[in-house]
Amino acid sequence: MTPDLDLTSVPAWAVEPACPTADLTGRQYSVLAVGADAVAIAQSWAAQITTERPGASPRVHLVADADSACTALDADLAGAVVGWRLLLAGPAHACLRVRARALELGASDDEITVASTEVDTREVYCAHCRTRTTAPVGLTEEITCPGCGRRLLVYYHVSRRLGAHLGFATRADAAP
């Protein structure tokens, strides 16, 4: 039985690609595009901000991966003021990790807008050995953990702290 995703911790944008409009309620903006597919979205958001918010000059970062996005986020948040907004576009697994970093640094969900460009790849956290695995896998499918060798069920749970899906063994047998 599949749970209603609205009742899980999995954001809707991590299941279906989404492209919301820019949040124009802020005073200061960080726009992060992770990967080439996110560039057009980031450029569109930046144009919306500069058109609708005269005097606003969003910081736009076009980066290749989640680690680079987190580095840019760290720098932007160091100088953030009240009214700061994060607009984040890219593959859902990368956006989950960057969102986790933003939350760790004190941002709140209502300050973050996410556009996902790809949702078929997931970062899965092994509940047994703590290894993270990034793989093309669907919810309720299984993968083999490269850390402990267990078969992990990719569950309907996303850790806000880790920015990864929970994976756990469904069999009581010992690890190989």
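## Exercises on two sheets and their helices

The bridge partner of C126 is G167, a residue of strand β9. This model is predicted: local features need pLDDT of at least 70, side-chain atom pairs count only at pLDDT 80 or more, and totals for chains, interfaces and linings use all residues. Residues are numbered from 1 along each chain as its sequence is written, and side-chain values use heavy atoms, with hydrogens and water left out.

**Exercise 1. State how many helices and strands the protein has, and give their pattern along the sequence.**

Step 1. Count the elements: the protein has three helices and nine strands. Helices (H or I, at least four residues) and strands (E, at least two) are DSSP runs, numbered from the N terminus.

Step 2. Read them along the sequence: the pattern is β-α-β-α-β-α-β-β-β-β-β-β.

Step 3. Add the extent: a box of roughly 60 × 30 × 25 Å, taken along the principal axes, holds the C-alpha atoms.

**Exercise 2. Describe the sheet of four strands: its order, its edges and its twist.**

Step 1. Find the order: the strands of this open sheet run β2-β1-β3-β4, and the pairing is parallel. Two strands pair if DSSP finds at least two bridges between them.

Step 2. Find the edges: β2 (59–63) and β4 (112–118) each have a single partner strand, so one side of each lacks a neighbour in the sheet.

Step 3. Give the twist: from one strand to the next it averages 10°. Angles run from 0 to 180 degrees between N-to-C directions, and axes are lines fitted to C-alpha atoms, for helices over the stretch in contact.

Step 4. Look at one pair: strand β3 (residues 84–91) joins β4 in the parallel sense over six bridges. L86 has I112 of β4 as its bridge partner.

**Exercise 3. Describe the sheet of five strands and its hairpins.**

Step 1. Find the order: this open sheet runs β6-β5-β9-β8-β7, with mixed pairing.

Step 2. Find the edges: β6 (132–136) and β7 (142–144) are the edge strands, and each pairs on one side only.

Step 3. Give the twist: neighbouring strands are turned by 45° against each other on average, direction ignored.

Step 4. Take the parallel pair: β5 (residues 121–126) and β9 (residues 164–169) are joined by three bridges.

Step 5. Take the hairpin of β7 and β8: the two strands pair in the antiparallel sense over three bridges, and T144 stands opposite R151 of β8. Six residues lie between the strands, and G149 takes a positive phi near 80°.

Step 6. Take the hairpin of β8 and β9: the pairing is antiparallel over five bridges, with L153 opposite F168 of β9. Here four residues lie between the strands, and G163 has a positive phi near 70°.

**Exercise 4. Determine how helix α2 packs against helix α3, and which strands of the sheet of four α3 lies across.**

Step 1. Read the geometry: α2 (residues 66–78) and α3 (residues 92–104) pack at an angle of about 25°, and their axes are 9 Å apart.

Step 2. Classify the angle: α2 is therefore roughly parallel to α3 (angles under 35 degrees count as roughly parallel, over 145 as roughly antiparallel, 65 to 115 as roughly perpendicular and the rest as oblique).

Step 3. List residues that meet (contact means heavy atoms within 4.5 Å): those of α2 include A66, C70, L73 and L77, and those of α3 include A94, V98 and A102.

Step 4. Place α3 on the sheet: α3 lies across β1 (28–34), β3 and β4, at about 155° to β3.
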